[in-house]
Structure formats: structure tokens, C-alpha cells
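Trainee: Could you take me through a close look at a single part of this model? I should like to see how one element and what follows it fit into their surroundings.

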Amino acid sequence: MSFRLSNRDARRLWLANQGLAPTPTGPADPLTTIRRLGFVQLDSIQVLARAHHHILWSRNQNYREPMLDRMLAKDRSVFEHFTHDASVLPVETYPYWRRQFGRKEKTMGNASWFRGMPDAEGRAAIKARIGREGALSTMAFDSQIEGPKEMWRRPPHKLALDFMWYTGELATCYRENFRKFYNLSERVIPARHRETEIEDAAALDWLCTQALNRLGFATPGDIQRFWDAATSAEVRGWVANADLQPVEIQTANRETLSLMAPPDLSERLAEAPPPTSRLRILSPFDPVVRDRDRLKKLFGFDYRIEIFVPAAKRKWGYYVYPLLEGDRFVGRIEAKADRAGGTLTVLNLWAEPGVRWTTARAAKLEAELDRMGRFLGTTEIVWQCPAQPDA
């Protein structure tokens, strides 16, 4: 018999697993947050805060940006690599992650993205220079793109640095203004993690188990996409042999999804707290928002980030933030920060269909904007739109 989860319970479990159920207060502990999430996506765009900082702040609003920088550059408690995108992971994940280096070496070596990359001898020369001089960024090299300068083309030295980063020969040592500095992996990753050997089958089991634990309920495709560190066939094989529990999930529009869950799902559900009633401004790359299909099925929230959509074709705006209140997405906000000028400007605010923008809800948003301002170091909120949106 399948275990049945109402839509409300599914949302509660999902938000609890993703660290968005508790009130985000108390001493900041970003390493525990990253461990809980599995990884945090990195992104260079800074409209309010860069995605990785925003994600950590959403789970504890005493978090400040230098904390992650220190964890990477000094504590060595996290490392950077590629899940579905560039991400920061707990360093104890590294032994299980080594299978990803081999996968990337096979796929990246033949990818059109890396056309024009130096050969093995050329890459060895770049690596030897880092060995002599220490951590270097791409700015320390001066090779040039040959041929047409297409949008995503990179100079040969950048391709070589990235390839060796993908394959584990190099690691991110630290960042300055988001610029990555590369160093030899043996200088960055603590020896106890770098030298631990994990058999491939054990690594695959760990990755799939950890993905499902964080998802709570999933299809094989959901599990595969969580880390993007195994093939679909490998994950299907794991599912076929794992001790899993079938579960039926009610969606926001009252359809039923047949998924898989850990065998102790009922215990996990009993321990999942109800989400705080606080209203939160979430990053477009937040783990709860990132899987647009899951987001729509569980919450009925149809969201798309429009940074690559031409301005004239955007429905909402360049960088629009989802608004989560309790276990419901109640709206979206377009805002930007001028840290030097000390202002946080609200450009647009929309309520979701059927959501009344009450005085209490407006006060919750004001409080969240104040908290965001303290995080960003801005002291003034400037409204360029009505503070009471139409639904």
C-alpha cells in the first residue's frame, strides 16, 4: 500500500527539509545550513544579494556574507564544484564527489564548449605555474580568443583552468569580488578528505540516499537531478534495489503523484514542524524555487526567472523574487539595492491570484524589507510602486 500525503503535509515536509520551516533566528551557523541542504548554488548576479548569500540568509537572518568567504578561504569547511550548476558543498562530501571528477573529464573533454582548449602539455604548463606562484585567477593569464568572439566563448587559458577545476586537478582557493582563484587541489582540500577512497557503488548509494533524504519524496529523475552526479540509468538501478516506500502526493490542483520516499516517511512527517508564518523574500535560485515543476505542483506557483528574456517580452521583470508566507507563495517582488547609496528600492509588487494584500500582510513585507536592509547595509526603503498590489 502507498503512503498518502495531503498537499498541505507534502508542503510542510518539503519546507522543513529545506530549512524554511523554522523562524530564521538564533546564532548563524551557515555550515550546518549547507550540510542540511547538501549544497548551495553560486551565482554572480547581485541585485539584492548574490544567490548563495541570499539562500543562507533566508535560513538564518543573522548570516553575513563574509562568513561563507571565510569557510571557503580559511576554514576549508566547504569546497566549490559543479552540481546542476556551480555550487558550494560541505568538504566531507568530497570523497563521494570524486566520481564527479571522472564524469566531467569524460564529458567536458569532448564538449564543444571546450574547443580551443590547450592540449595536455599546455594545461600542465598552466598547472605548473600555479604550483610555483600559488593561487591565480584568470586575470593572471593573457591568451586570446581566436576567431569570432561569440557570447559564451572563453580564452584558452580560462578553458584550461575550468577543465582542470571540473576534473579535480585544481580547486577554488578563494574569491575576490566573486572572481575565482585557482590552486592545486592538494593545497585546498584537507588531506583526510582528499585521500579517502570510496568505492563507486558506495558513492552512488550515498548520493542517491542523501538526495532522497533532502527531497523527502521523489521520482528517479528528481533524485538524478538533485546532484547531477550520476546518470539516469544509474539512479534507476539504485531505485530498483533500494529499500524505498511508495507514496502518493496530492498536488496543489488536487491531482495525485506516485513517487518514492524513504521507508521512515511517517516518522519524518511527524517530526516536520509547521512553517513559520513569517513572510520571506526568496532568491530565484533558492532550493525550494529552483525546481520549477515541483514548485508548481506543490504550491501552484508558476515562476520563471526572466534575466535571459528580452525586456519587451518579460511578463514580470529582470530579477523578480518569490514571496513565501508560511507554506504559501503569496506574491512576487522586484527590488534592487544600492549599497553605496544606502537604499533598497521596490520597483514592483504583485499579489498572487486569490491573495488579499491585507494590512497584516503588508506589515510582514515591510518587516522583511527592513531585515533585508540590515543584511545588505541599506538604511532606506524607496517605493516606486504602490505598497498595496492588486491580486
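Mentor: The account below begins with one helix, moves to the loop after it, and ends with the domains.

This is a predicted model, in which local features need pLDDT of at least 70 and side-chain atom pairs count only at pLDDT 80 or more, while totals for chains, interfaces and linings use all residues. Residues are numbered from 1 along each chain as its sequence is written, and side-chain values use heavy atoms, with hydrogens and water left out.

Consider α7 (156-166); helices (H or I, at least four residues) and strands (E, at least two) are DSSP runs, numbered from the N terminus. Because 11 of its 11 residues are buried, α7 is largely enclosed by the rest of the structure; buried means under 20% relative accessible area, exposed over 50%, and partly exposed in between (1.4 Å probe, protein chains only). The buried residues include the charged-type side chains K158 and D162, as well as L159, F163 and W165. What do the buried residues of α7 pack against? Their partners are the strands β3 (78-82), β6 and β7 (179-184), together with the helices α5 (94-108) and α6 (120-133).

The loop that leads from α7 to β6 (170-176) holds T167. With a relative accessible area of 11%, T167 is buried. The side chain of T167 reaches back to the backbone oxygen of M164, at 3.4 Å; a polar contact is a pair of N or O atoms within 3.5 Å, where within protein one must be able to donate a hydrogen and the other to accept it, and residues adjacent in sequence count only if both atoms are side-chain atoms. M164 is itself one of the buried residues of α7. Once neighbours within four places in sequence are set aside, T167 is in contact with F101 and E105, contact meaning heavy atoms within 4.5 Å. After α7 comes G168, whose phi is positive, near 90°.

For the wider setting, the chain is divided into domain 1 (3-195), domain 2 (200-271) and domain 3 (279-383), with bounds that come from an automatic or database domain assignment. The C-alpha centres of domain 2 and domain 3 lie 30 Å apart. Where these two domains meet, 8 residues of domain 2 are in contact with 7 residues of domain 3. Between them, 3 residue pairs are in polar contact, both residues being at pLDDT 80 or more.
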